[in-house]
Amino acid sequence: MLYRCKNCGGNVVYDPEKKNMKCLSCGGYDCEEVVESPQPVICINCGSQIPYTEFQSAGRCPSCGTYLLRDDKISYPYGADVVLPFQITRHEAEDKLKQEFGKKLFLPGSFLSQKTLENMKGMYVPFWMYDYNSDIDYQAIGTKVKTWTSGDRKYTETSYYDVARKLHVDYENIPVDASIVMEDGIMDLMEPYDYGELVGHDNKYLSGFEAETYNMPPDQLEPRARAKADKANRGWVDRNTSGYSTLTSERMSSNNKLMGNRFALMPVWVYEYRFQGQNYKFYVNGQTGKCVGTPPRSIGRAAGLTALLFAGALLVLDGFSLLLGVL
């Protein structure tokens, strides 16, 4: 399916800046009408075959450039429950990358050039969000050490305590990315998102971007969410047992009761740069602008800068030699 402009027939996409739909042809707002596709993998606009990946639910026709949604991947059981719409525009994402990486030494000259930035794309990454009610039972032996000096003697007093804590914590929206293509570590680095801004899913948010449906069911990924809850539980215990010099013989158990899950889509800008036969990927959080990536190093630039610094040092030394000769 696609969103077509009722005024001019152009392609209507979601505009993160205005937070509504905009026609790419005439610039009109909120002028879209839905055109469904009888063949989900055929472009409604030009009739070309669209090379969707297995889990892709939205993309762009490689022939005419129209942004389309794959009808069979955006409805039950594949449609998202909630979505975090893009808030950072493409140009803002480019600026964020330039601020983060543009001033680093030894970067190739073409890195972040306008030509290479044309490859930047916005995509919605699939997540499962989990809710838990957690009951934590913690026991340990704690010590508090007090020292003082009287006369020429130093004294140490160690007090022992039975430490016990019972905590109840409710978690909402513990995120686990459900994409095989996206590395788990990368998506963890993209956090945090402000999940308070999640809204009920509407297909219009996908127009103008790429998107995937979940690659794995929620029960398969739930252990990762449970591990995140356990880690957070440990943090609550640490905060509630501060003030002791030592804690030994620790015993901790967590009962994480799953209360529900939902399928969500998170916005990410992806910039792919190829240098000397290797691909380098950079990611910008589509809500906050946080950047993640490791830029390449240009050996030629590094050598040139080293030679320049060396030449500068020689000039300084020559200057000192001349000055000493005059004296």
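Helices and strands here are DSSP runs, numbered from the N terminus. The model is predicted. Begin with the whole protein chain in view: it has five helices and 14 strands, and buried residues make up 43% of its 327 residues. Among contacts with a separation of 6 or more, 71% are between residues 24 or more positions apart.

**Stop 1: Leu-206**

Select Leu-206, in the loop between strand 10 (199–200) and strand 11 (210–212). Its relative accessible area is 2%, so Leu-206 is buried. Show what surrounds it: beyond residues up to four places away in sequence, Leu-206 touches Ala-58, Leu-69, Ile-74, Tyr-124, His-201, Ala-211 and Leu-265. Of these, pick Tyr-124, which is 82 residues from Leu-206 in sequence, with a C-alpha to C-alpha distance of 7.6 Å.

**Stop 2: the cavity**

Stay with Leu-206, as it is also one of the residues that line the largest cavity. The count is one cavity of 30 Å³ or more, and the volume of the largest is about 50 Å³. To see the lining, add Ser-57, Lys-73, Ile-74, Tyr-78, Gly-79, Ala-80, His-201, Glu-212, Thr-213, Phe-263 and Leu-265 to the selection. The lining divides into six nonpolar, four polar and two charged residues.

**Stop 3: two cis peptide bonds**

Most peptide bonds are trans. Select Tyr-76 and Pro-77 to find a cis one, with omega near 5°. Pro-77 lies in the loop between strand 6 (67–69) and strand 7 (82–83). Next go to Glu-191 and Pro-192, also joined by a cis peptide bond, with omega about 5°. Pro-192 is in the loop between helix 3 (184–190) and strand 10.

**Stop 4: two positive phi angles**

Most residues other than glycine have a negative phi. Select Asp-30, which is not a glycine but has a positive phi of about 50°. Asp-30 sits in the loop between strand 3 (20–23) and strand 4 (32–35). Then select Asn-173, where phi is positive at about 60°. Asn-173 is in strand 9 (residues 153–177) and is buried, with a relative accessible area of 14%.

**Stop 5: salt bridges**

Side chains of opposite charge can pair when their charged atoms come close. The count of salt bridges is eleven. Select Arg-70 and Asp-72, whose closest N and O atoms are 2.8 Å apart. Arg-70 is buried, at 14% relative accessible area, while Asp-72 is partly exposed, at 34%.

Move to helix 4 (residues 218–240) and select Lys-228, then Asp-188 in helix 3; the pair links distant parts of the chain, 40 residues apart. Their salt bridge has its closest N and O atoms 3.5 Å apart. Lys-228 is partly exposed, at 27%, and so is Asp-188, at 39%.

Still in helix 4, select Glu-222 and Arg-226, a salt bridge at 2.7 Å between the closest N and O atoms. The two are four residues apart in the helix, which means that about one helical turn separates them. Glu-222 is buried, at 13%, and Arg-226 is partly exposed, at 28%. Now add Glu-191 to Asp-188 and Lys-228: salt bridges that share partners join these three into one network.

**Stop 6: Asp-15**

Finish at Asp-15, in strand 2 (residues 12–15). Which side chain of opposite charge is nearest to Asp-15? It is Lys-22, 4.5 Å away, and Asp-15 is buried without a salt bridge. Leaving aside neighbours within four places in sequence, Asp-15 is in contact with Asn-20, Lys-22 and Tyr-29.

Technical notes:
Residues are numbered from 1 along each chain as its sequence is written. This is a predicted model: local features need pLDDT of at least 70, side-chain atom pairs count only at pLDDT 80 or more; totals for chains, interfaces and linings use all residues. Side-chain values use heavy atoms; hydrogens and water are left out. Buried means under 20% relative accessible area, exposed over 50%, partly exposed in between (1.4 Å probe, protein chains only). Lys and Arg count as positive and Asp and Glu as negative; His and the chain ends are not counted. A salt bridge is a side-chain nitrogen of Lys or Arg within 4 Å of a carboxyl oxygen of Asp or Glu. Contact means heavy atoms within 4.5 Å. On a 1 Å grid over the protein atoms alone, a cavity is a set of points where a 1.4 Å probe fits but cannot get out, and a pocket is an open set with protein on both sides within 12 Å along at least five of seven lines; lining residues have an atom within 4 Å of a point. Grid points are joined across faces, edges and corners, and a volume is the space filled by probe spheres set on the points. Ala, Val, Leu, Ile, Met, Phe, Trp, Tyr, Cys and Pro count as nonpolar, Asp, Glu, Lys and Arg as charged, and the others, Gly among them, as polar.
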